[in-house]
Amino acid sequence: MKHLVITVGCEYGSGGPEIGKYLADALDIAYYDRDLVDKVVEQIGVERNLIEKADMENNIMYSFDTKFGPRYANLTNRVIYNQFEVIQKLAAKSSCVIIGRCSDHILKDRTDCLNVFVYAPEEIRVQNVMEKQNVSQKEAEEIVKYHDTQMHARYKYMTGTYRGDRHNRHMLIDSSVLGWEKTAKYILQLVELRFGD
């Protein structure tokens with residue numbers, strides 16, 4: 001198999017990270033999800049919880065000391081810049097699967113990239129969140145709504161476009177039709193057709 005990068009954008013609760021992990025394991029390539037935050041923490045040297053907040057919200061400020069006293073800067077923009085840098089380096093280094101983080105947009109000029117977007121009906125996503133996080137239906141609905149709002153706003157802020165826009169992706173797929181494992185197997189067929197020898 002040639003060098004390839006699969007980006008997996010997803011609606012919260014649709015199984016995107018799980019499908020991406022299955023793809024990475026099946027192809028025996030690197031998998032990056034939350035550990036991208038760790039790499040940004042290493043580069044910036046700011047507390048993880050603050051990086052995670054800046055990763056989800058716009059205009060998160062942080063302070064740093066200078067010889068003239070404390071100064072303030074927009075941590076969100078710094079996190080975005082560092083994520084762009086980290087994702088580009090990881091994609092160049094080896095074949096991999098990258099979950100979210102606007103990686104489809106960041107790597108849009110690469111010809112060895114396959115951009116997938118996973119979605120599912122809201123009631124299915126709510127059910128998945130209920131089972132995975134052991135919460136009530138009302139709590140799950142609030143979690144899904146919160147993440148949808150945050151992730152859509154974040155993607156728009158970083159890219160100027162919309163997360164599920166078909167023009168940004170090579171494949172959009174409803175994971176509720178086949179289930180997570182079979183959805184991954186279906187995506188693997190496209191990977192084989194596009195990148196196989």
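Me: Ground rule first: a helix here is a DSSP run of H or I with at least four residues, numbered from the N terminus. Which helix does Ser 103 lie in?

Reply: Ser 103 lies in helix α5, which spans 103–106. Keep in mind that this is a predicted model. Overall, the protein has nine helices and seven strands.

Me: Why is Ser 103 counted as buried?

Reply: Its relative accessibility is 1%. Buried means under 20%, so Ser 103 qualifies.

Me: What is Ser 103 in contact with, leaving aside its neighbours within four places in sequence?

Reply: Thr 7, Ile 87 and Ile 98. Contact here takes heavy atoms within 4.5 Å, so each of those three has an atom pair with Ser 103 inside that limit.

Me: What makes Arg 101 buried?

Reply: Arg 101 has a relative accessible area of 13%. The cut-off is under 20%, so the label fits. This arginine sits in the loop between β5 and α5. Its phi is near 60°, a positive value in a residue other than glycine.

Me: And Asn 134, why is that one called exposed?

Reply: Asn 134 has a relative accessible area of 72%, and exposed means over 50%, so it gets the exposed label. Asn 134 is in the loop between α6 and α7. This residue also has a positive phi, about 55°, although it is not a glycine.

Me: What makes Asp 148 buried?

Reply: Asp 148 comes out at 14% relative accessible area; with the limit set at under 20%, it counts as buried. Its place is in helix α7. Leaving aside neighbours within four places in sequence, Asp 148 is in contact with Tyr 12, Arg 125 and Arg 163.

Me: Which residues lie nearest the centre of the largest pocket?

Reply: Cys 10, Tyr 12, Pro 17, Arg 101 and Met 151. They belong to a lining of 35 residues, around a space of about 760 Å³. α7 gives the largest share of that lining, with five residues. Others that supply at least two residues each include β1, α1 and α3.

Me: How do you know that the lining has 13 nonpolar residues, and how many are polar or charged?

Reply: It comes down to residue type. Tyr, Cys, Pro and Met are among the types counted as nonpolar, while Arg counts as charged. Sorted that way, the lining divides into 13 nonpolar, 11 polar and 11 charged residues.

Me: Which residues touch the most other members in the largest nonpolar core?

Reply: Ile 6, Leu 23, Val 97, Val 116 and Ile 187, out of 20 residues in that core. Elements that supply at least two residues each include β1, β5 and β6. α9 gives the most, with five residues.

Me: What makes this a core?

Reply: A nonpolar core needs buried residues of types such as Val, Leu and Ile, joined through side-chain atoms within 4.5 Å. Leu 23, for one, is in contact with Ile 6, Val 8, Val 97, Ala 184, Ile 187 and Leu 188, leaving aside neighbours within four places in sequence. A second, separate core has 12 residues, including Val 5, Ala 91, Cys 96 and Cys 113.

Me: How many of the residues in the protein are buried?

Reply: Buried residues make up 45% of the 197. About 10600 Å² is exposed, with carbon and sulfur atoms supplying 51% of it. Among contacts between residues at least 6 apart in sequence, 66% join residues at least 24 apart.

Terms used. Residues numbered from 1 in each chain as written. Predicted model: local features only at pLDDT ≥ 70, side-chain atom pairs only at ≥ 80, totals over all residues. Heavy atoms only, no water. 1 Å grid on protein atoms, 1.4 Å probe; cavity = no way out; pocket = protein on both sides within 12 Å on 5 of 7 lines; lining within 4 Å. Points joined across faces, edges and corners; volume = space filled by probe spheres on them. Buried < 20%, exposed > 50% of the residue type's maximum accessible area, 1.4 Å probe, protein only. Areas by Shrake-Rupley, 256 points an atom, 1.4 Å probe, with all protein chains shown as cover.
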